[in-house]
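Here are my notes on the model, set out as numbered points. Please read them with the structure open beside you.

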Amino acid sequence: MKILVVGAGVVGTALAEQLSEEGHHVAVIDTDRKKINDLTQKLDILAICGNAAMPSVLYKAGIKQSDMIVAVTDVDEINLVVGMIASKLCPTTHRIVRLRNREYSLKNSVLSLTELGINEVINPEPTIVDSLKRMFEIPGSMESTTLSGGQVQVLRFNISKDSPAAGKSLAELGEIGDLNAFLILDICRDNVSFVPRGNDYIEPGDSIHLLVSTDTLPFVLPVIHKRPPAIDNIIIIGASLIGIEFAKYTSKRVEHVFLIEPDPIKAEDASIELDKVTVLNGDCTDLTILEEASIDRADLFCALSDDDQSNMLV
């Protein structure tokens with residue numbers, strides 16, 4: 001399949017890598033020449049530096065021969081325009097656009113995406129926020145994924161020294177009460193993951209993935225944690241869409257929520273929107289700002305800015 005990806009950000013790059021590995025013919029368009037050069041050195045794809053909202057650039061990237069175009073830049077309006085132009089240039093091409101602003105995809109929206117020529121819309125932000133909410137609601141969970149409409153969950157936990165599961169084999173855990181509605185999928189020990197058997201033991205410091213029924217989750221948690229960690233103080237980095245939504249959610253359930261945003265305008269807007277959150281304008285790498293946010297008492301630290309490199313650095 002010939003696929004045209006617009007946007008060489010984190011999402012676009014990951015998409016190009018995955019599709020290329022699967023054997024698809026991939027072309028990427030981005031205005032950043034450095035990103036384009038990096039892609040051409042790393043992948044066997046067609047990478048073009050230019051504005052994808054211009055028909056000439058889309059023609060150069062092979063829109064006429066493409067089976068699918070995926071617009072995943074960081075700007076919703078650009079993605080919309082690209083989808084609209086692509087529908088005119090090549091109506092048979094399947095058009096997928098990334099829209100982060102929910103107003104564009106609401107049922108009663110002024111704009112009809114179908115009339116604009118958009119076949120599908122992707123928006124990862126709500127999924128990420130929902131995952132963060134589940135992690136917040138499940139004490140000690142490091143990752144959370146739902147299956148079967150939320151009836152089943154895949155969770156990751158770090159095993160502490162005082163965990164009731166530490167020092168026990170999988171067979172012994174299965175004998176506790178009627179806990180047959182969970183399954184330990186893997187154990188990561190010393191950066192090595194393996195699929196455990198009944199005679200394998202869980203040790204302090206292990207990281208485990210657990211498949212569990214949502215209904216039995218309250219009975220499983222005491223097996224993982226002797227005392228579920230309490231969350232009373234939260235620090236959120238970034239007044240992004242995800243950061244704002246998560247701050248709104250947690251501020252209704254936790255007494256102290258701090259949000260740190262380096263952009264003064266975004267910080268001011270966030271302080272108006274989040275009346276129960278302490279918004280600080282400053283660099284999250286500044287120890288003074290972190291001390292003001294009571295970093296020493298933080299129970300949960302979330303780096304949710306739009307800059308993935310900054311999030312990793314923090």
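1. Start with Cys302. The cysteine sulfur closest to that of Cys302 belongs to Cys284, and the two are 13 Å apart, too far for a bond. A disulfide needs two cysteine sulfur atoms within 2.5 Å, so at 13 Å Cys302 has no partner for one. Please keep in mind that this is a predicted model, and that the distance comes from its atoms.

2. How many disulfides does the structure hold? The count is 0. The point about Cys302 agrees with this, because even its closest cysteine sulfur, in Cys284, is too far for a bond.

3. Are Cys302 and Cys188 buried or partly exposed? Cys302 has a relative accessible area of 9% and is buried, because buried means under 20%. For Cys188 the value is 26%. That makes Cys188 partly exposed, since this class lies between 20% and 50%.

4. Next, the sheet with parallel pairing. This open sheet has 4 strands, in the order E14-E13-E12-E15. Its edges are strand E14, residues 278–281, and strand E15, and each of these pairs on one side only. Ignoring direction, neighbouring strands are turned by 15° against each other on average.

5. One pairing in that sheet can be followed residue by residue. Strand E13 covers residues 256–261 and pairs with E14 in the parallel sense, over 4 bridges. Take Phe258 as a place to look: its bridge partner in E14 is Thr278.

6. Another open sheet is built from 5 strands with antiparallel pairing, and the order reads E7-E8-E11-E9-E10. Which strands form its edges? They are strand E7 (141–147) and strand E10 (192–194), each with pairing on one side only. From one strand to the next, the twist averages 20°.

7. At the E10 edge, the partner is strand E9, residues 182–189; the two are antiparallel and share 3 bridges. Arg189 is bridged to Val192 in E10.

8. Finally, the surface. Ile295, Phe301 and Val314 make up a nonpolar patch there, and together they have about 210 Å² of accessible area. Ile295 lies in the loop that runs between helix H10 (287–292) and strand E15 (300–303). With a relative accessibility of 34%, Ile295 is classed as partly exposed. A patch residue must have over 30% relative accessible area, so Ile295 passes that cut-off at 34%.

Note on methods: Residues are numbered from 1 along each chain as its sequence is written. This is a predicted model: local features need pLDDT of at least 70, side-chain atom pairs count only at pLDDT 80 or more; totals for chains, interfaces and linings use all residues. Side-chain values use heavy atoms; hydrogens and water are left out. Patches are made of residues with over 30% relative accessible area and no salt bridge: like charges are joined within 9 Å, nonpolar side chains (Val, Leu, Ile, Met, Phe, Trp, Tyr) within 5 Å. Accessible areas come from the Shrake-Rupley method with a 1.4 Å probe; for residues, only the protein chains shown count as cover. A salt bridge is a side-chain nitrogen of Lys or Arg within 4 Å of a carboxyl oxygen of Asp or Glu. Buried means under 20% relative accessible area, exposed over 50%, partly exposed in between (1.4 Å probe, protein chains only). Two strands pair if DSSP finds at least two bridges between them. Axes are lines fitted to C-alpha atoms, for helices over the stretch in contact, and angles run from 0 to 180 degrees between N-to-C directions.
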